[in-house]
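Please look over the sequence and the structure shown here, and then follow the explanation step by step.

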Amino acid sequence: MNYNYKYLKLMRKQKNYTASEISKLIGIDQSNYSKIENGKYQGLNFLQLSKLTETLDLDLYKLLLIERNI
């Protein structure tokens, strides 16, 4: 799954979470979360993605690089 890792990192910092805190919240180890924020990890499952979007109040379209046609 492709995602906007720069947006993810920016939003995490804006919400004042550490990478360690987020990794614990979504249930992966810190090294893999670091890979997520560097665009080198594609193993996010739906539950982890759901926890990320909820915790950081992310726009799912921006995170998944989906264009809206409204």
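## Helices, contacts and turns

Asn16 lies in the loop between H1 and H2. The model in front of you is a predicted one, and in it Asn16 is exposed, with a relative accessible area of 67%. The backbone of Asn16 deserves some attention, since its phi is near 60 degrees, a positive value in a residue other than glycine. To see why such a value is worth pointing out, it helps to know that most residues other than glycine have a negative phi.

Beyond that loop comes helix H2, which spans residues 19-26. Which residues of H2 are buried? They are Ala19, Ile22, Ser23 and Ile26. Because these residues cover an arc of only 100 degrees around the axis, they are on the same side of H2. As for what covers them, the cover includes helix H1 (5-14), helix H3 (30-37) and helix H4 (46-56).

Two serines in H2 can be looked at in turn. Ser23 is found in helix H2 and has a relative accessible area of 3%; since buried means under 20%, Ser23 counts as buried. Leaving aside residues up to four places away in sequence, Ser23 touches Ile28, Asp29, Gln30 and Tyr33. Ser20 also belongs to helix H2, but Ser20 is partly exposed, with a relative accessible area of 24%. Between Ser20 and Leu58 there are two separations to consider: they are 38 residues apart in sequence, and 18 Å apart in space when taken from C-alpha to C-alpha. After H2 comes Gly27, and the phi of this glycine is positive, near 80 degrees.

The next step is to ask how the helices are placed against one another. At what angle do the axes of H2 and H4 cross? They cross at roughly 130 degrees, and the two axes come within 9 Å. Because of that angle, H2 is oblique to H4. The crossing of these two helices is right-handed. On the H2 side, the residues that take part in the contact are Ile22, Leu25 and Ile26, and they meet Gln48, Lys51, Leu52, Thr55 and Leu56 of H4. Sorted by class, the contact of H2 with H4 has five nonpolar, two polar and one charged residues. Ile22 and Ile26 thus appear in two parts of this account, as they belong to the buried residues of H2 and also meet residues of H4.

Another pair of helices to examine is H1 and H3, which pack at an angle of about 115 degrees, with their axes 8 Å apart. From H1, the residues that make the contact are Tyr5, Leu8, Lys9 and Arg12, while from H3 they are Tyr33, Ile36 and Glu37. By class, this contact of H1 with H3 has four nonpolar, no polar and three charged residues. Tyr33, which is part of this contact, is also one of the residues that Ser23 touches.

A last stop lies beyond H4, where Asp57 has its place in the loop between H4 and helix H5 (60-63). Its phi is near 55 degrees, again a positive value in a residue other than glycine. Is Asp57 buried or exposed? At 54% relative accessibility, Asp57 counts as exposed, because the term applies over 50%.

Definitions and conventions: Residues are numbered from 1 along each chain as its sequence is written. This is a predicted model: local features need pLDDT of at least 70, side-chain atom pairs count only at pLDDT 80 or more; totals for chains, interfaces and linings use all residues. Side-chain values use heavy atoms; hydrogens and water are left out. Buried means under 20% relative accessible area, exposed over 50%, partly exposed in between (1.4 Å probe, protein chains only). Helices (H or I, at least four residues) and strands (E, at least two) are DSSP runs, numbered from the N terminus. The arc is that of the directions from the helix axis to the C-beta atoms. Contact means heavy atoms within 4.5 Å. Axes are lines fitted to C-alpha atoms, for helices over the stretch in contact, and angles run from 0 to 180 degrees between N-to-C directions. Angles under 35 degrees count as roughly parallel, over 145 as roughly antiparallel, 65 to 115 as roughly perpendicular and the rest as oblique. A crossing is left-handed if the near helix is turned anticlockwise from the far one by less than a right angle, and right-handed if clockwise. Ala, Val, Leu, Ile, Met, Phe, Trp, Tyr, Cys and Pro count as nonpolar, Asp, Glu, Lys and Arg as charged, and the others, Gly among them, as polar.
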